[in-house]
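User: Could you take a close look at the side-chain contacts in this one for me? I'd like to hear about the charged pairs and the aromatic rings, and how buried or exposed the residues involved are.

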Amino acid sequence: MVYAEQLNDMFKCKFDDFLFAYRPGYGCSDVLLKFTEIWRAALDDNNYFGAVLMDLSKAFDCLPHSLIIAKLHAYGLHENACRLLSSYLSNRKQRVKQGIVRSSWCDLTKGVPQGSILGPILFNVFINDIFYFVQNCSLLNYADDNTLGFVSANRDTLLQTLESDTKICTTWFKDNGMKANADKFQAIVSHRSDKEYLHLDIEGHIVISEDNVKLLGITIDDRLSFDMHVRQICRKVGQQINVLKRLAKKMDVAGKLALYKSFMLCHFNYCPIVWTFCGKGNIKIMEKLQERALRLIFNDNVSSYSDLLNKSQMSTLHIHRLRGIALQVFKCINKMGPTYLHDLFQPKCIKYSLRDTSILHQKKFMTVKYGFLSFTYHGSKIWNTLPTDIKTTLTYKEFKTLLYTWEGPLCKCNHCTIVK
């Protein structure tokens, strides 16, 4: 634990800002938010956006120990510290057990110990220098998930750049003892009007762009509507509600409510700020599913949805997502989390003496479908609708506590509540 903390302190300023995994204040939602914001901005400006999602085989098990130590030394780790880590990695063995039969012991010369405290840190150290090689694309890394994204006004330029930087990455993987599965790569290309699919040649494997891709558990389509993702999570929740219905008579209310929050609500609460702009129809379907679950939990077919929410001390899914956006804006304003988010919002210059001076500037947009429905635009809009006493809190804990008393914008029009 002590050694892990020291390594984290040392590499905090050395890790690339787009290295997201196993770092305090970084998470899956940050990767997806960065990815979709680049995408929305490109489509709002009527440009092409393209991405390649690269697949690695057994990434944690392929790292050569000698190369890990060499990289640590190159980053400035003292020789004694390198020898200590070399001792930690060496003389490890493994064997296979099938039934009562066991194989002979085999020496481990590659890979970081999974399940250990140092394993994730060493993996980040190992893969961090790939960012020095990528020339034109934006590379987003989350553990063994590597995504290249590029924006261009020209489709041919987009294709050439994606192919070039993808080959650079696959060469880096090969040179560093890792295996990239080019036949499992995914690609997606998006434009306002051009629907033609692109064919990328990656080391002899032809990767055809698709209508949708799955990144870190979120299905993203080429129009950023998130219809398919919402259908998938609604199908999962619907199936689990059917199971809850069969168990309803055998459990008390507290047990059923705990079951709903643990196994069903989690699907709606996974990275919601990324897909919150999923359309009015999808929002209604999700709220109906939650209402159905609450009626089963309380065995109540008479009360209104609002009464059921009050009984369960819950909010609507939509309000929960708005609160999530407000929390993310607070982090951005207060320089918490990834550095690239720190300057996403700018305070508005106010010439008059007003009671509320914590107002954010709202970025102009070209299109309603992409620019209007961006986190950058609506994050500032939601922040500006918050009560002053909430916005002026100094700590994240206090802000979060007060925010959960907020029931959404006072104005219930489509523009303010982001129901499109």
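Analyst: Sure. Keep in mind that this is a predicted model. Let's start with the charges.

Searching the whole structure turns up seven salt bridges. One of them joins Asp194 to Arg155, with 3.4 Å between the closest N and O atoms. That pair links distant parts of the chain: Arg155 belongs to helix α6 (residues 155-175), Asp194 sits in the loop between β10 (186-190) and β11 (199-202), and the two are 39 residues apart. Arg155 counts as partly exposed, because its relative accessibility is 22% and the cut-off for buried is under 20%.

Next, helix α11. Arg295 makes a salt bridge with Glu291, and here the closest N and O atoms are 2.7 Å apart. The two residues are four apart in helix α11 (residues 280-298), so about one helical turn separates them. Both Arg295 and Glu291 are buried. They also belong to a network of salt bridges that takes in Lys288.

For a pair with another kind of setting, try Lys335 and Asp343, whose side chains meet in a salt bridge at 3.4 Å, N to O. Lys335 has a relative accessible area of 47%, so it is partly exposed. Asp343 is at 55% relative accessibility and therefore counts as exposed.

Now the rings. The whole-structure search gives 20 aromatic pairs. Take Phe11 and Tyr75, an edge-to-face pair with 5.3 Å from centre to centre and 80 degrees between the planes. Phe11 is in helix α1 (residues 2-11) and Tyr75 is in the loop between α3 (65-74) and α4 (79-89), so this pair ties together parts that lie 64 residues apart in sequence. Phe11 is buried, its relative accessible area being 0%. Tyr75 also counts as buried, at 16% relative accessibility.

Elsewhere, ring pairs join up into a cluster made of Phe18, Phe20, Tyr26 and Tyr340.

Finally, a couple of places where charges and rings come together. Lys71 has its charged end over the ring of Phe126, 4.0 Å from the ring centre. Arg92 puts its charged end over the ring of Tyr88, 4.8 Å from that ring's centre.

If you want places to click on, try the Asp194 and Arg155 salt bridge, which links distant parts of the chain, and then the buried Arg295 and Glu291.

Definitions and conventions:
Residues numbered from 1 in each chain as written. Predicted model: local features only at pLDDT ≥ 70, side-chain atom pairs only at ≥ 80, totals over all residues. Heavy atoms only, no water. Salt bridge = Lys/Arg side-chain N within 4 Å of Asp/Glu carboxyl O. Buried < 20%, exposed > 50% of the residue type's maximum accessible area, 1.4 Å probe, protein only. Phe/Tyr/Trp six-rings, centres within 6.5 Å; stacked < 30°, edge-to-face > 60°. Lys NZ or Arg CZ within 6 Å of the ring centre and 35° of its normal.
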